[in-house]
Amino acid sequence: MAVWSGSDSGSARPSLTSVSSGELKSLRTCNCELALLPLRQLLLLQPDSFQLQAGATLAVLSPASRQPGGGFTVISDGFLHLDGQRFCRLTGCFKRYVELNTHYDYKNYREMILGRPLVFFVNVKTKENSSKEKTYALLVNTRHPKMRRQIENGMNNIISSVFGESYKLQFDFQDIVKKFFPSGAHLVNGENLSFSYEFKSDALFDFFYWFGISKSTISVNGKVLNLSSTNPEKKEMITKFLDKMSEPNLHSNSFSDRKFSVISRTSIDDVFNSNLTPQSSWMESPFAVWTMSGVQASGD
């Protein structure tokens, strides 16, 4: 059964839904905004995507069994303490903070963030003064319209406000995860539930950036699906659900994507019609970024 039920007892956790709610039966991942489960359970259910290897290394893989572009995008500082005890280095993950210098970098980064489900790892104590920790994985379904809209709008709005100057944008999921757990629980490393990028313009005078005006943080909100379960039947259902979520999500560029090119010295075709290329500087280890070719709507 799920660790916590899906019923709401007051307003403490209004976003919580459980696997027992029947939400997984249709396997329509577009119904899921965010999901949370123990990391050890994720390792068991997705062995082709996450492998705990010898030498205390957690490897994030792109399964060959899936089409190019499938899998998960893990965002991390490159290490974690598994359940607060075992130190693990992460390979194949993307850095939580990146610096972008060209509009081509921005386009690649945007597609990386929106192209696959995002995964963050966080340690939680059920009681703040407890010595026991458990590592959880937060999955952000960037295919869901609500999640996608918050990320896209955040990127578009800050571009429209800085007029070609430098800026920094951060997305934070701490508040929504805190609401998931019962009162009294403590996020040991809540900062791991955020990511940010900084665009460094070559503008002569970045007054807004210097004074911190063009530095923004967006607290993302949404409904969290509880994928914690020890029931074999439900675990099989969760596995299929995760497989479906990590399928390639090819999509056409929306009109809002083109806002960035208005202030660009590069043509729209150069910025938005090029294929993605590996960006190893964003990652903790060499890891091929998928290619988005052609215009294809998501199957979901």
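**Exercise 1.** In this predicted model, find how many bridges join strand E11 to strand E13, and in which direction the two strands run.

*Solution.* Step 1: locate the strands; E11 covers residues 167-172 and E13 covers residues 194-199. Step 2: count the bridges between them, which gives six. Step 3: compare directions; E11 and E13 run antiparallel. Step 4: check one pair; Asp 172 has Ser 194 in E13 as its bridge partner.

**Exercise 2.** Place E11 and E13 in their sheet and state which strands stand at the edges.

*Solution.* Step 1: write the strand order, E8-E13-E11-E14, an open sheet of four strands with mixed pairing. Step 2: look at the ends of this order; E8 (97-100) and E14 (215-219) each have a single partner strand, so one side of each lacks a neighbour in the sheet. Step 3: add the turn between neighbouring strands, which averages 15° with direction ignored.

**Exercise 3.** Describe what lies across the sheet strands E8, E11 and E13.

*Solution.* Helix H2, residues 103-115, lies across these strands and runs at about 165° to E13.

**Exercise 4.** Determine the surroundings of Tyr 197.

*Solution.* Step 1: leave aside neighbours within four places in sequence; the contacts of Tyr 197 then include Val 98, Leu 100, Tyr 109 and Leu 169. Step 2: turn to the largest nonpolar core, which has 38 residues; Tyr 197 and Tyr 109 are among those with the most contacts inside it. Step 3: note that another core, of 27 residues, lies apart from it, with Leu 37 and Phe 50 among its members.

**Exercise 5.** Is Lys 244 buried or partly exposed?

*Solution.* Step 1: find Lys 244 in helix H6, residues 232-245. Step 2: read its relative accessible area, 27%. Step 3: buried means under 20% and exposed means over 50%, so Lys 244 is partly exposed.

Terms used:
Residues numbered from 1 in each chain as written. Predicted model: local features only at pLDDT ≥ 70, side-chain atom pairs only at ≥ 80, totals over all residues. Heavy atoms only, no water. Pairing = 2+ DSSP bridges. Axes fitted to C-alpha atoms, helices over the stretch in contact; angles between N-to-C directions. Contact = heavy atoms within 4.5 Å. Buried < 20%, exposed > 50% of the residue type's maximum accessible area, 1.4 Å probe, protein only. Core = buried A, V, L, I, M, F, W, Y, C linked by side-chain atoms within 4.5 Å.
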